[in-house]
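Subject: Structure handover

Hello,

Here is the structure I said I would pass on. Please open it first, and then read the notes below alongside it.

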Amino acid sequence: MTDATASGAAPQKPASGSLLELDARTKRRNAAEARFKFYGMAAVGIGLLFLVLLLVSIVRNGVPAYTQTFISLPVELQAEKLDKNGNRDPEEIKKVSTFGYNPLIDQALFRVLEENGVESPFEKGADLRKMVSASAAAEIRDYVIANPEKIGETVSFRVLASSRVDGYLKGRVTREDLARDKNLDAEHLDIIDQLKEAGAVARTFNWSFILGADASESRPEQAGIGVSMLGSLFMMLVVLLLSLPIGVAASIYLEEFAPKNVWTDLIEVNISNLAAVPSIVFGILGLAVFIQFMHLPQSAPLVGGLVLTLMTLPTIIISTRASLKSVPPSIRDAALGVGASKMQSVFHHVLPLAMPGILTGTIIGLAQALGETAPLLLIGMVGYIASNYPDGVASGFLDPNSAMPAQIYEWAKRADPAYYERAWGGIIILLLFLMTMNIIAVILRRRFERRW
Amino acid sequence: MYDSPSLENEVTDKAIKIAADKVQVFYGDTHAIKDVDVQIQDKTVTAFIGPSGCGKSTFLRCLNRMNDTIDICRVQGQILLDGEDIYDKRVDPVQLRAKVGMVFQKPNPFPKSIYDNIAYGPRIHGLAKSKADLDVIVEKSLRRGAIWDEVKDRLHAPGTGLSGGQQQRLCIARAVATEPEVLLMDEPCSALDPIATGQVEELIDELRDSYSVVIVTHSMQQAARVSQKTAFFHLGNLVEYGETSQIFTNPVDPRTESYITGRIG
């Protein structure tokens, strides 16, 4: 009786351990969980850190490639040098080579110095001309051939400065460096400093890096990625047109129609293995089959596209099969149950439901192919200087060209440090393409899935 | 209205729609169905009951050759539909399935509109000559599926947005849209609540006027409520087949009795 009243008044004591205190075992388990969360966060953090480092270094190293130093030159197109007979015949004007234009540039340079009151230690025009890109003469010549009526007048040109001058304005080249450099002297930099003050030398955005063609090893200031971008475009067209229909047809057959037996198992294992084969192996296969056996042109985007198709097919087949598998079997039953044929059930019901997955897989496969360099190495799309735009669609597929990653690789291995910056700049463009493709994949996925 | 009851049906016993003779089904090495002989009458609800894994669904799927889609499945014996062997080499299962419709355990509407769900079958079989024809078929089927009043204002809404019971009735409507002669139902109410089950059962009873209905069910009460004939399967054997009232009140085989009274299963 007394016990009962006591327990009613005073709080009862828990039978086994208080819930308000953690026992040793629970503490250990909680600590293990906290540690695991920390490891996970640390792993994510390290990943993010590296991503940020990567992006920062790419942007820092690559952005200078998008600006270029130009020198404004009033060039007098002297008739006695360019058109001796004075009859403005384009054929005769073409006979004057770029060497014939150099004196005009020299003269224009002296004139600019004089106009801006800049003292020059150089007597010879050839020495002064080191500040100007070797492409300047060709640029003026092209202009004259296109506009022969301008001969005799003074035309203002914005010509590229040489890569050393450009590097000086970008902080890459210092006076100390030039002590060991025969391409430019410290005195040139003094002139550049003064011309910059006067506004005759300026660094501006350089469209020709994005749209232009590659240049020879000695003219990094002229090099652009535009032509190899076209090469990549034609290659991707080949890859898309071949790998999407072949890949989807193969997956549908294997997934929905093929009997499950030793042969299909073997094919399945081989497709999975092919996806893991190093891309350079596909390159050497392409070299042997497409170039040496079938005699398709070397370095052509068509061959590059064929090789990359071989490489992309396993990716597309695997992702397509996975998305076909993920369509619930009840949908197939439903279609068969109302008397649809196997093919009707696949094409009317299964394929539309699998479409977002197929498209995503295809775009991811294309993005992979876009960034692939190794197979291009073997079919000659690396090292070729893509200096001309293709004339049309056919030559776009068949004429030698490079591709963006191959162009970047090519720039990165050239000796001139000015090319280093262009390699980074090219990577920015490549990454933009890849990001765009991934965003398209996400958007397509959303659009198709939103329907139901 | 759609099938005027023939004189013959009223005078004699109902005609035999499906006759199975010594049917054996193998899944790889497993002998799933052993020597099943059963005769299913026209315009009758026949229930297949039995414990899980006894082969009743497997046998049902033999009746419209849905087992063809399973690679390791082999069927022996003879199944006659109106006297024709459905496993004959000349029979295209697609044509068969237009005659023998099927409703599945889980409601499986296509992820399309309610209208397209119903219209799909008639479209692929070319049953409608015009859009107006198709509209008529859709309305008729939805009415027969006892779901018309609920969906007539939203025919173009997705079929997957309906409730479970509505989805199942939509699937039944879809199955009848192709004008089948036999309707197979594989546990059509197992995913439904009691109210939806009641609606579907009522519907099955109405469908009996036009079709031969074969229903697989786990629920003995359901079999007793909706069917006129019942077949009891056990371990791949057809143990007993007869009038539902007789099976439930006076079973011949001791195994049937113990299943019905709840001692096995």
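I start with one residue of chain B. With a relative accessibility of 23%, Ala157(B) counts as partly exposed, because the partly exposed class begins where buried ends, at 20%. Please keep in mind throughout that this is a predicted model.

Ala157(B) is found in the loop that runs between helix H6 (148–151) and helix H7 (164–177) of chain B. Leaving aside residues up to four places away in sequence, Ala157(B) touches Lys112(B), Ser113(B) and Ile114(B). For Ile114(B), 43 residues away along the chain, the C-alpha atom is separated from that of Ala157(B) by 6.2 Å.

Aromatic rings

Over all chains, the structure holds 14 aromatic pairs. One of them is formed by Phe110(B) and Tyr120(B): it is edge-to-face, with 5.4 Å centre to centre and 75° between the planes. Phe110(B) belongs to the loop between strand E6 (100–103) and helix H4 (114–125) of chain B, while Tyr120(B) is in helix H4 itself, so the pair ties together parts that are 10 residues apart in sequence. Both rings belong to buried residues: Phe110(B) has 0% relative accessibility, and Tyr120(B) has 6%. Phe110(B) also has a charged neighbour, since the charged end of Arg174(B) sits over its ring, 4.5 Å from the centre.

In chain A, ring pairs link Tyr66(A), Phe205(A), Trp207(A), Phe209(A), Trp411(A) and Tyr419(A) into a cluster. A charge is found here too: Arg414(A) lies over the face of Tyr419(A), 4.7 Å from the ring centre.

Strands in chain B

Strand E1 (residues 16–27) of chain B has two partners in these notes. With strand E2 (residues 30–41) of chain B, E1(B) pairs in the antiparallel sense over eight bridges. Within this pairing, Val38(B) in E2(B) is the bridge partner of Ala20(B). The hairpin of E1(B) and E2(B) has two residues between the strands, and Gly28(B) takes a positive phi near 60° there.

The other partner is strand E4 (residues 73–81) of chain B, which runs antiparallel to E1(B) and is joined to it by eight bridges. In that pairing, Ala19(B) stands opposite Leu80(B) in E4(B). In a regular strand, side chains alternate between the two faces of the sheet.

A helix in chain A

How many of the nine residues of helix H16 (residues 329–337) of chain A are buried? Seven are, so H16(A) is largely enclosed by the rest of the structure. The buried residues are Ile331(A), Arg332(A), Asp333(A), Ala334(A), Ala335(A), Leu336(A) and Gly337(A). Gly339(A), just after H16(A), takes a positive phi of about 90°.

Salt bridges

The count over all chains comes to 32 salt bridges. Three of them are described here.

The side chains of Glu255(A) and Arg321(A) meet at 2.9 Å, N to O. This pair links distant parts of the chain, with Glu255(A) in helix H12 (residues 226–257) and Arg321(A) in helix H15 (residues 301–325) of chain A, 66 residues apart. Glu255(A) is buried, with a relative accessible area of 15%, and Arg321(A) is buried at 9%.

Asp166(A) and Lys170(A) form a salt bridge of 2.8 Å, N to O. Asp166(A) and Lys170(A) are both buried.

In chain B, the side chains of Arg90(B) and Asp88(B) meet in a salt bridge of 3.2 Å, N to O. Arg90(B) is exposed, with a relative accessible area of 75%, whereas Asp88(B) counts as partly exposed at 24%. Back in chain A, salt bridges that share partners join Asp166(A), Lys170(A), Arg172(A), Glu421(A) and Arg422(A) into one network.

The two chains together

The contact takes 19 residues from chain A and 25 residues from chain B. About 1800 Å² is buried between chain A and chain B, and carbon and sulfur atoms give 64% of that area. How many salt bridges does the rule find across the interface of chain A and chain B? The number there is zero.

Regards

Terms used:
Residues numbered from 1 in each chain as written. Chains lettered and ligands numbered in written order. Predicted model: local features only at pLDDT ≥ 70, side-chain atom pairs only at ≥ 80, totals over all residues. Heavy atoms only, no water. Pairing = 2+ DSSP bridges. Helix = DSSP H or I, 4+ residues; strand = E, 2+ residues; numbered from the N terminus. Phe/Tyr/Trp six-rings, centres within 6.5 Å; stacked < 30°, edge-to-face > 60°. Buried < 20%, exposed > 50% of the residue type's maximum accessible area, 1.4 Å probe, protein only. Lys NZ or Arg CZ within 6 Å of the ring centre and 35° of its normal. Contact = heavy atoms within 4.5 Å. Buried area = accessible area lost by both parts, 1.4 Å probe. Salt bridge = Lys/Arg side-chain N within 4 Å of Asp/Glu carboxyl O.
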